[in-house]
Amino acid sequence: MRFLLPLFLISFFTVAQTNQYHISFENAVHHEAQINITFPQLKAKTVRVRMPRTSPGRYAIHEFAKNVYDVQATNGAGEPLDISRPDPYSWEIIDHDGTVNLSYTLFANRADGTYSQVDESHAHLNMPATFMFMEGMEHRPITITFEPRKDLNWKIATQLEQIDAVTYAAPHLQYFMDSPTELSDYQQRNFKVDDQNIRFVLHSPDNAVDFDTYWEDVKAIVLQQRAVYGELPHFDYNEYTFLACYAPHVAGDGMEHRNSTILTDRESLANGGLKGNIGTVSHEFFHAWNVERIRPADLEPFDFTAANMSGSLWFAEGFTSYYTNLILARAGIITTQDYVNSLNGTFNYVWNSPARAYFNPIEMSYQAPFVDAATSVDPVNRNNTFISYYSYGSMLGLALDLSLREQGLNLDDYFKAVWNRLGKKEVAYNIDDLQEILADYAGDAFAKAYFNNYIYNSNMPDYESLFASVGLAIDQDGKSATGLSLTSEDNKVIVSRPTIKGTSGYEAGINEGDHIVSINGKKITSIKDYDKIISKAQIGDQLELEVQRFGKIGKTILTVGADPRYTIRIDKDASNTAVKARERWLAAQ
C-alpha cells in the first residue's frame, strides 16, 4: 500500500504525540530559513535526527545535510543538550528529559523538483531538502507552522491538510516528505471535476490574461487524462494542486507527488512558457495515477536515507512519457503534424543507441540512481551504454498501443485495467503483475511475446508495420554520415562529444577532444570545411584523417557510413482504414 497510516487516523493522535515543525524566513534575502522542531514524549535517552538523502520521485543520492548549520538542541525546560555527529547526515542527542527542541538554519537557493529555494520572491520548499526527522519516529503525525512574509504578501500552497491559517498537518513522515509547499504572492485558478477541486498555483510575473489562456490548456489536459482512466483518483482532502514557479532564477523541472506536482521553468508564460511548459503539466499530472497510485513495489516504502532503485521505471516514467504528447494532441494543444514530428527525436535516440546490447528496459531503469539528477565528476560512457527509461519506455508504450490497436484494443483500456486492479486499491505492483493484466486483456500469447521480446530483452518492434496501421510511414534517407559531433575553436575543429559505438568515427578510433587537422590532405579550419568534404563523400568511401591528440598528430582511415536516422511522417498515400485508425488514436476521448 502507498501509505503506512490512513489519513483519518491523525485525528486519533494527541497533540503530545505529534512532532511539531516551525519554519520562518527572516533572512530570505540571503536564502536562509530558520527551522524549529519539537519532538515530545521520547523514551530513548539517546536519539538521532537526520537530514534525508533522497527525495520522492528522485532516485539518486542528494546530500541535503550540506546546507544545514547552526544546529542546536534543548530539553523541555529550555536547557542546552549535547549534540554529536556520528556521520555526515545525522546528529545524536543525549540526556534529554523526554522532549527535544531542535533548531537549525537552512541555506536554500535552487528551485526545482528536488531542492528548496528561499529568497524575497518566494519560499519554494521540497520537504526532504528542508526538514530533519528523528529516527524511529517516522510513524508519528506531524504539524507544521509556516510564517509567511506578510510584507511580501506571501500565501501558502501545499497538499498538506490545513488546520488553521498557517498550520498544516501530515499523518506521518512519508506523507510529510511527499508534500512540497510554495509560499509566495501567487495567482490561483480552480475548477471542479467529479466534486474534487483542481487548482493551479502560479508564481510568475505573468498577467491574468496569459494565465487564463494557459489554464484552459491545463483543464483540457486534466479532462483528457481522466478519460484514459475513466475517473480521477480520489485526492486526499478532495484537492489536487499544481505548484508552478516560472521565473528566470529557477531551474527547469517537474516532480510528481500524491496530490500535487511541482512545475518549474525559467520561461514565464509570456516568454515562451505558454507552449514550452505545458508538456511538463501533461507528464506530471499523468503521474497522479501512474507512479503515485499505480505504484512499483520496489519503491515502497520510499527510503529517505539511501538511493531508491526500481526496475519498473520504463513503465512508470516511460509510459507516462508516451502519454505526455499524446494527451497534448488529444486536447488540441498540438496538431497531428506536431505530434508525429515529436516522435522522431525520441525514436532515433532509442533505436540507434548501441546501449540495447548491454541493458534491457528493466536494467535501464536500475540506472536511475546514477542518472536521475545524480552528480559525479568522472567521465562516463553512457552515450554507449544507457538509454533513458523515459525515452525507452515511451517508444515501448507507443509500440504496445499500436499493436493493441491492430487487434481492436488500445493502451487506454489496458491502463484502465491496471488502474482498477491495482492503482485504485493502491496495491503496489511487480512487473509480473503488469504482464498478467496484459494477458487478461489481450491474451496470454500476446503478453508473453511483448514482455519476452521488448521488456526482458531489447528487441525492436516492427515499427514499419505498426506505423502503417495508423497511416504513418517510416524510412531512412540513405545519406552519408560519420557520427562525429563537432565544435569550432580558434580555427580548429574539435570533436565535442564521445563517439558512439558502431559509427564511422568510433570505428576509426576518434574520441572526444580530438582535433581534426586535415581530411585527405586538405586542412580543416572550420566546420564548413569539414561539411564540404563529407557532403560529397559516398557511403563506403575511405577518408584519411589527420588527428591531433595530446599534442601529437596521427593518421587514421575513416570509412564513411550511412546516416542511421529514421524519419517518421504522415503517409499521404495511406488507406482510408489507416487514416481513420490514426484519427481514433489521436482524437479527443
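The following dialogue examines how terms are applied to this predicted model.

Tutor: The structure is a predicted model, in which local features need pLDDT of at least 70 and side-chain atom pairs count only at pLDDT 80 or more, while totals for chains, interfaces and linings use all residues. Residues are numbered from 1 along each chain as its sequence is written, and side-chain values use heavy atoms, with hydrogens and water left out.

Student: What makes the radius of gyration of the chain agree with that of a compact globule?

Tutor: The radius is taken over C-alpha atoms, and the globule rule is 2.2 Å times the number of residues to the power 0.38. For 589 residues a compact globule would have a value near 25 Å; the chain has 27 Å, which agrees. The C-alpha atoms fill a box of roughly 85 × 60 × 50 Å along the principal axes.

Student: How many helices and strands does the chain have, and what counts as each?

Tutor: The chain has 17 helices and 30 strands. Both are DSSP runs numbered from the N terminus: helices are H or I with at least four residues, and strands are E with at least two.

Student: Why is Tyr229 called buried?

Tutor: A residue is buried under 20% relative accessible area, exposed over 50%, and partly exposed in between, with a 1.4 Å probe and protein chains only. Tyr229 has 3% relative accessibility, so Tyr229 counts as buried. Trp289, at 0%, therefore counts as buried too. Across the chain, buried residues make up 54% of the 589 residues.

Student: What makes the aromatic pair of Tyr229 and Trp289 stacked?

Tutor: Rings of Phe, Tyr and Trp (its six-membered ring) pair if their centres lie within 6.5 Å; planes under 30 degrees apart count as stacked, over 60 as edge-to-face and the rest as tilted. The structure holds 48 such aromatic pairs. In the pair of Tyr229 and Trp289, the centres are 4.6 Å apart and the planes differ by 10°, hence the name stacked. The pair links distant parts of the chain, 60 residues apart: Tyr229 is in helix H2 (residues 208–229), and Trp289 is in the loop between helix H4 (278–286) and helix H5 (313–330).

Student: Why is the aromatic pair of Phe235 and Tyr240 called tilted instead?

Tutor: The planes of Phe235 and Tyr240 stand at 50°, which is neither under 30 nor over 60 degrees, so the pair is tilted. The ring centres are 5.0 Å apart. Both Phe235 and Tyr240 are buried.

Student: How do you know that H4 is largely enclosed by the rest of the structure?

Tutor: Eight of the nine residues of H4 are buried, so the helix is largely enclosed. Among them are Ile278, Val281, His283, Phe285 and Phe286.

Student: What is notable about the loop between H4 and H5 at Pro301?

Tutor: Pro301 lies in that loop, and a cis peptide bond with omega of about -15° joins Glu300 and Pro301.

Student: Is His234 buried or exposed, and with which residues is His234 in contact?

Tutor: His234 has 54% relative accessibility, so His234 counts as exposed. This residue is placed in the loop between H2 and strand S18 (239–246). Contact means heavy atoms within 4.5 Å; leaving aside neighbours within four places in sequence, His234 is in contact with Gln196 and Arg293.

Student: Why is Gln196 called buried?

Tutor: The relative accessibility of Gln196 is 5%, so this residue of strand S17 (residues 196–203) counts as buried. Leaving aside neighbours within four places in sequence, the contacts of Gln196 include Phe191, Leu232, Pro233 and Asn238.

Student: Why is Asp477 called partly exposed?

Tutor: The relative accessible area of Asp477 is 45%, so Asp477 is partly exposed. Asp477 sits in the loop between strand S21 (472–476) and strand S22 (480–481). Asp477 and Asp563 are 86 residues apart in sequence, yet 7.6 Å apart in space, C-alpha to C-alpha.

Student: What is the phi value of Phe550, and why is Phe550 called exposed?

Tutor: Phi of Phe550 is near 55°, a positive value in a residue other than glycine. With a relative accessible area of 81%, Phe550 is therefore exposed. The residue is found in the loop between strand S27 (542–549) and strand S28 (552–559).
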